[in-house]
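The following exercises are to be worked with the sequence and the coordinates at hand. Each task is followed by a solution in steps.

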Amino acid sequence: MTIPRSPGFAELFTPKLITTLREGYSLEHFRSDVIAGLTVAIVALPLSMAIAIASGASPAQGLYTAIVGGFLVSALGGSRFQIGGPAGAFIVLVASTVEVHGIDGLILATVLSGIMLAAMGLMRLGTYIKFIPYPVTVGFTAGIAVIIFVSQIKDLLGLTLNEPEPGHLLEKLPVLWGSLPTIDPVSVVLALGTIAVISGLKMLRPHWPGMLMAVAAASVAAAFLGLPVATIGSQFGGIPSSLPAPSLPALDVDKVLAVLPNAVAFTLLGAIESLLSAVVADGMTGRRHRSNCELVGQGIANVASGLFGGFCVTGTIARTATNVRAGAHGPISGMLHSAFLLLFILVAAPLASFIPLASLAGVLAVVAWNMVEKQAIVSLLRASRGDIAVLLVTFLLTIFRELTEAIVVGFALGSVLFIHRMSQATSITQRAPYVPEDKPDAANGDRRPYDESVNDPDVVIYRISGAFFFGAAASIGSVLDRIGERCKTLIIDLSAVPVLDSTAAHTIEGLAHKMQRRGARLVLTGTSHAVRRELFAHGLRPPLVGYQRDPQSIARNKPLAGEAM
């Protein structure tokens, strides 16, 4: 049998761009990537600006993030179809960072997060991100969607606030409620019109760029009708017509330590979001991404985004799915999507001044609605109480506390739930004693006499099934203790135990010493190499315990095989 070799460093960290070019890249492939890149750029254009504004940054920063970060995610990442850029999931974290540390602190946290992401990839930690429980991802995504929607109420209704809008939900709602008398009907009409156009085109013409068309229509109406609404021009003075020169953020120890928790939060969410997006692309295409290479690419992209004045970039599920559906062949489509966005800045930047903020708020309202995995929530609510608890706790902590805390607590609850289920799946049962087969002896044709010793009540065989680990060790250990007190030979069949941890080995060690003190013997059978290695590490060697392949051979009073398995 050929044992598959472990992939080497170069194989693990080779970007998918290089793999795609090595396979052969034709003009037809380039044509497909151009169409897909243009399609994604049309979707990303209003989204990048809307997410940046909702995050407390400028619309130009959202475009810088999509151009610089998105290009490098595709060029250096481990996913063939990943589209990088600013993501709605980061709005809460970015907004809180800007509120506390300002734009300079946001840029510094982005650079630090990029370094951490690259380090995670180089340490091959990307493989472990998949262990985040499904109810946790559904819960925090739904919580983020609620926060995004609430953050857009001001612009959706055109409210005039008498004080700065608070960041925390419980503080924000009373302020918004008190400002309802200042509602602006024009802003409401523009926002509802944007939502209606996007939703209508999605049903009637799903391949049309609904978001861009809705924003363009609202901009034309605001400009030609002279509507008195806030626009990108009136609020931010438009967007620059070129990329800024790269520059390092201000570095000092106190500032780094101050933004470090935010950088850790960016890193955790960025890793989860980007690898989840890569998994979605794999499911749509049948391909396989390189998780560690993807993290390295995301890290470099975040560092570069910060150097160019952008903020945290990650893989975006909706834009990645759009890229796949548009017929992309490989990473060049993502690189072209960034090039098309750069072209917009160079050519059409003045037009962005006419975009109403109410229209962009309508775009984000649709994004928030689409983020909520309605079917997944319904399925989880029909599942076990444990899954419901993990979902609700993560959801509520995301809304009322913070995202990092929600993920950590949700993961901890999910882990406890898993341990409980695994402990319930582990069982111990008594095996029937060996009865020799009644058949003629080959030599003389006579029946062989039964060996009465096989029914010896002092020889007991028990079989443990399932993972024997700390979650099940206490209950199984108490059963074994009771059994070991009333027999002279206890045989434990471990052939159905796929994994055994140190707690379980310690439990068996304690049982072996108890039996040895009263002159009884403990025999282990059916142990795999991994299980034996753990047992040997805890001193479970002959003569303390015996080992044998076949438990019935011990019941037939055959000599023990010692360590020879």
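**Exercise 1. Orientation of two helices**

Task: Decide how α3 and α4 are oriented relative to each other, and identify the residues through which they meet.

Solution. The model is a predicted one.
Step 1. Helix α3 covers residues 27-54, and its axis comes within 7 Å of that of α4, the two crossing at roughly 125 degrees.
Step 2. An angle over 145 degrees would count as roughly antiparallel, and 65 to 115 degrees as roughly perpendicular; α3 and α4 are therefore oblique to each other.
Step 3. The crossing in which α3 passes α4 is right-handed.
Step 4. On the α3 side, the residues that meet α4 are Leu 45, Ser 48, Met 49, Ala 52 and Ile 53. Their partners in α4 are Pro 59, Gly 62, Leu 63 and Ala 66.
Step 5. The spacing of such positions can be read against helix geometry: an α-helix has 3.6 residues a turn, so residues three or four places apart point the same way.

**Exercise 2. Length, bend and burial of a helix**

Task: Compare the expected span of α4 with the distance between its end C-alpha atoms, then describe its bend and its burial.

Solution.
Step 1. Helix α4 comprises 18 residues, 59-76, and at 1.5 Å a residue it should span 26 Å.
Step 2. The end C-alpha atoms of α4 are 25 Å apart, which agrees with the expected span.
Step 3. A bend of about 25 degrees is nevertheless found in α4, at Gly 69.
Step 4. Of the 18 residues of α4, 16 are buried, so the helix is largely enclosed by the rest of the structure.
Step 5. The check can be repeated on α16, residues 357-371: its 15 residues should span 21 Å, and its end C-alpha atoms are 21 Å apart, which agrees. Helix α16 is mostly covered, with 13 of its 15 residues buried.
Step 6. For the whole protein of 565 residues, 50% count as buried.

**Exercise 3. Two further helix pairs**

Task: Classify the packing of α9 with α10 and of α12 with α13.

Solution.
Step 1. Helix α9 (residues 185-204) packs on helix α10 (residues 210-224) at about 150 degrees, their axes being 8 Å apart. That angle makes α9 roughly antiparallel to α10.
Step 2. The α9 and α10 crossing is right-handed. In α9 the contact involves Leu 190, Thr 194, Val 197, Ile 198 and Leu 201, and in α10 it involves Gly 210, Met 211, Met 213, Ala 214 and Ala 218.
Step 3. For helix α12 (residues 253-285) and helix α13 (residues 291-307), the angle is about 125 degrees and the axes are 10 Å apart. Helix α12 is therefore oblique to α13.
Step 4. Helix α12 passes α13 in a right-handed crossing. Ala 271, Ser 274 and Leu 275 of α12 make the contact with Ser 291, Glu 294, Leu 295 and Gln 298 of α13.

**Exercise 4. Contacts between distant parts of the chain**

Task: Locate Thr 127 and Ser 423, and state what each touches beyond its sequence neighbours.

Solution.
Step 1. Thr 127 belongs to the loop between α5 (91-122) and α6 (134-151). Its relative accessible area is 34%, so Thr 127 is partly exposed.
Step 2. Leaving aside residues up to four places away in sequence, Thr 127 touches Ser 291 and Asn 292. Asn 292 is 165 residues from Thr 127 along the chain, yet their C-alpha atoms are separated by 7.1 Å.
Step 3. Ser 423 lies in helix α19, residues 403-425, and counts as buried at 18% relative accessibility.
Step 4. With the same exclusion of residues up to four places away, Ser 423 touches Phe 469, Gly 471 and Ala 472. The C-alpha atoms of Ser 423 and Phe 469 are separated by 7.9 Å, with their positions 46 residues apart along the chain.
Step 5. Across the protein, 81% of contacts between residues at least 6 apart in sequence join residues at least 24 apart.

**Exercise 5. Backbone exceptions**

Task: Examine phi of Arg 124 and the peptide bond from Pro 542 to Pro 543.

Solution.
Step 1. Most residues other than glycine have a negative phi, and most peptide bonds are trans.
Step 2. Arg 124 has a positive phi, near 60 degrees. This residue, Arg 124, is placed in the loop between α5 and α6 and is partly exposed, at 37% relative accessible area.
Step 3. The bond from Pro 542 to Pro 543 is cis, with omega near 5 degrees. Pro 543 is located in the loop between α22 (529-537) and β7 (546-548).

How values were computed. Residues numbered from 1 in each chain as written. Predicted model: local features only at pLDDT ≥ 70, side-chain atom pairs only at ≥ 80, totals over all residues. Heavy atoms only, no water. Helix = DSSP H or I, 4+ residues; strand = E, 2+ residues; numbered from the N terminus. Expected span 1.5 Å × (residues − 1). Bend = angle between axes of the 7 residues up to and from the residue. Buried < 20%, exposed > 50% of the residue type's maximum accessible area, 1.4 Å probe, protein only. Axes fitted to C-alpha atoms, helices over the stretch in contact; angles between N-to-C directions. Parallel < 35°, antiparallel > 145°, perpendicular 65-115°, else oblique. Left-handed = near helix turned anticlockwise from the far one by under 90°. Contact = heavy atoms within 4.5 Å.
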